[in-house]
Amino acid sequence: MSLSSLLAAMPGAVSQGVMWGVMVLGVYITFRVLDVADLTVDGSFSLGSCTCAALVMGGVDPVLALLIAILAGLAAGFVTGFLHTVFEIPAILAGILTQIALYSINIRIMGRANLPMLKVETVIDRVTGWIPVNKTVASLILGVLIVAAVIGILYWFFGTEIGCALRATGNNEYMVRSLGASTKFMKLLGLMVSNGLVALSGALVAQSQGYGDVNSGTGAIVIGLASIVIGEVIFGKRFSFAYKLASVVVGSVIYRIVIAFVLQAGLSTDDLKLLTALVVAVALAIPTVVKKWKMKKLVSAPAVPNGEDKQP
Amino acid sequence: MMLSIKQVYKTFNPGTVNEKKALSNLNLELEKGDFVTIIGGNGAGKSTMLNMIAGVYPIDRGSIILDGVDISRKPEHSRAWLLGRVFQDPMMGTASDMEIQENLAMAFRRGRRRGLGWGIKKDEKALYREKLRILDLGLEDRMTAKVGLLSGGQRQALTLLMATLQDPKLLLLDEHTAALDPKTAKKVLAITQEIVASKNLTAMMVTHNMKDAIAYGNRLIMMHEGRIIYDVAGEEKKNLKVADLLEKFETVSGEEFANDRMLLN
């Protein structure tokens, strides 16, 4: 591995990390705030990608295409939420159903599985038109601005009355209902906002890479979880909500840097998904392993002299 | 009349081996300001009755009218504006990852439409501080602490405060001191008494402690097999002894009150 080629890969990795960071923020809402594992994500990321590519190629303004991609994501989240809250299908299954359905829908939207955005202006081109930077730096600048705006909006939203009730829903549903808020509505709303952000991320990545792809979201949920876990491990769960949101976006950037590193080290791209899954599995397993290890130590510790063991 | 329960039936798992008639022709009327204690053996329907009033499960038949509002078929969250609830499990009434003041702010909005205004406004904090000071648990100085850091007793006291922050038409207390140690239980009961009396609330308190059932409130009902089998108020209630209740239960139900928890208390 050469240091120079690794360094050359860094700007691209960082800008991809920031753009995928928008998706991570969406996953954070369901996984951490709402305490639901929403598997719609893989489908809604591709949905954002495909919707955006189809619209831009159809002559729609690239900024407007981003906004419409958000709407498409909201709709995908609504479908999952509807299946989950109205028909009481378990959240994981509801998400899988939407995800699978979206695969067909995404191909319908683009009319094919992959659609390059050739000879059209993207939001990245617009940025390079304003300031003299290359496309990678333009992606990074745009990504940082959008992430900052999204974090600001989420920080505000989760401080509102509805936002508080949504946070409480992930905490204690009994309480929320007893205080007169509908937990079904809160879950529906959370799933919608989450998938809206995921689709926005998919649309951004599509424009920065120059093509829409039905498979672009494959494994997105695991990448999202990996980014959250990395962010939390490195920055801790302290401080304010905005800090936590920023830390998972940085987690997403670190994930991309690690990926760039292992690719430079000679790992095949085909093995990436395995590696990502391993990272997440290990990170999620650690708390349980530590707890069991502590318990074992407690049990095997010598009895307190002259005292009854008060714990059954 | 504040509460009117008429001919309410509820059967869990009908048509299966686990079929359980939880409520069977339940009738009850409460006047405004009534503080009723509810006793009965395990499975008598005490908690079920409270859960039916709160709308946790739908009733099979009958009607429940609270302060002139027919709530028989309303979902749980759309009748919450009328009710204050404290549960047996101290974890159930509060959100542990949220601050004490955030929990209070959500309770403050019970029965109001939630919008995009701030979840907690500046001037509310003074009100919460003052209310917390009355509890005398030192919580007024820890308003930004996460509720998960509080003890069971502190959480129950907080839940009680939350349940009565907006005066409920009916306060439902479902063995809210059962999970606490005796000293803390006593303190929470004293706070309950004070709040109910000062706001002249209508309240229902399920308890396993017969002495408490006699000592608190102005009315006592005993349940058995989903019905009310004994209903006593006023002077007659005040003069009750634990032995009277045990005897009453045995004569009415034809069974022994074989419940260690109730005898030991």
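In this predicted model, the second largest cavity has a volume of about 30 Å³. Eight names make a good starting point for a reader finding the way around: A:Glu161, A:Cys164, B:Glu102, B:Ala105, B:Met106, B:Arg109, B:Arg114 and B:Gly119 line this cavity. Two elements give two or more residues to the lining, namely helix 7 of chain A and helix 3 of chain B. Helix 3 of chain B provides the largest share, with three residues. Sorted by class, the lining of the second largest cavity holds three nonpolar residues, one polar residue and four charged ones.

The count of cavities of 30 Å³ or more comes to two, and the largest cavity has a volume of about 60 Å³. From chain A, the lining of the largest cavity takes in A:Met175, A:Ser178 and A:Leu179. From chain B come B:Leu83, B:Gly84, B:Arg85, B:Phe87, B:Gly93, B:Arg110, B:Thr159, B:Met162 and B:Ala163. Helix 8 (173-178) of chain A supplies at least two residues of this lining, as do strand 6 (83-86) and helix 5 (152-165) of chain B. By class, the residues around the largest cavity are six nonpolar, four polar and two charged.

Attention can now turn from the cavities to the pockets. The largest pocket has a volume of about 920 Å³. Its lining counts 27 residues, and those closest to the centre of the pocket are A:Arg167, A:Phe241, A:Lys244, B:Asp97 and B:Lys146. Several helices take part: helix 1 (3-33), helix 7 (161-171) and helix 11 (241-264) of chain A, along with helix 3 of chain B, each contribute at least two residues to the lining of the largest pocket. Helix 7 of chain A gives the most, with four residues. The lining of the largest pocket is made up of eleven charged, ten nonpolar and six polar residues.

The remaining results concern the interface of the two chains. Here, 30 residues of chain B are in contact with 20 residues of chain A. The size of an interface is often given as the accessible area lost when the parts come together. Between chain B and chain A the buried area is about 2,200 Å², and carbon and sulfur atoms give 62% of this area. B:His77, B:Arg114 and B:Leu116 together supply 27% of the area that chain B buries against chain A, more than any other three residues. B:Arg114 is already familiar from the lining of the second largest cavity.

Three salt bridges are found across the interface of chain B and chain A. In a salt bridge between B:Glu76 and A:Arg177, the side chains meet at 3.0 Å, N to O. The interface also has 13 residue pairs in polar contact, with both residues at pLDDT 80 or more. On the side of chain B that touches chain A, helix 2 (76-79) and helix 3 (100-108) of chain B each supply at least two residues. Helix 3 of chain B gives the most to this side, with four residues. By class, the side of chain B that touches chain A has twelve nonpolar, nine polar and nine charged residues. Helix 3 of chain B thus appears at the interface, in the lining of the largest pocket and in that of the second largest cavity.

How values were computed:
Residues numbered from 1 in each chain as written. Chains lettered and ligands numbered in written order. Predicted model: local features only at pLDDT ≥ 70, side-chain atom pairs only at ≥ 80, totals over all residues. Heavy atoms only, no water. Contact = heavy atoms within 4.5 Å. Buried area = accessible area lost by both parts, 1.4 Å probe. Salt bridge = Lys/Arg side-chain N within 4 Å of Asp/Glu carboxyl O. Polar contact = N/O pair within 3.5 Å; in protein donor to acceptor, adjacent residues only side chain to side chain. Nonpolar A, V, L, I, M, F, W, Y, C, P; charged D, E, K, R; others polar. 1 Å grid on protein atoms, 1.4 Å probe; cavity = no way out; pocket = protein on both sides within 12 Å on 5 of 7 lines; lining within 4 Å. Points joined across faces, edges and corners; volume = space filled by probe spheres on them.
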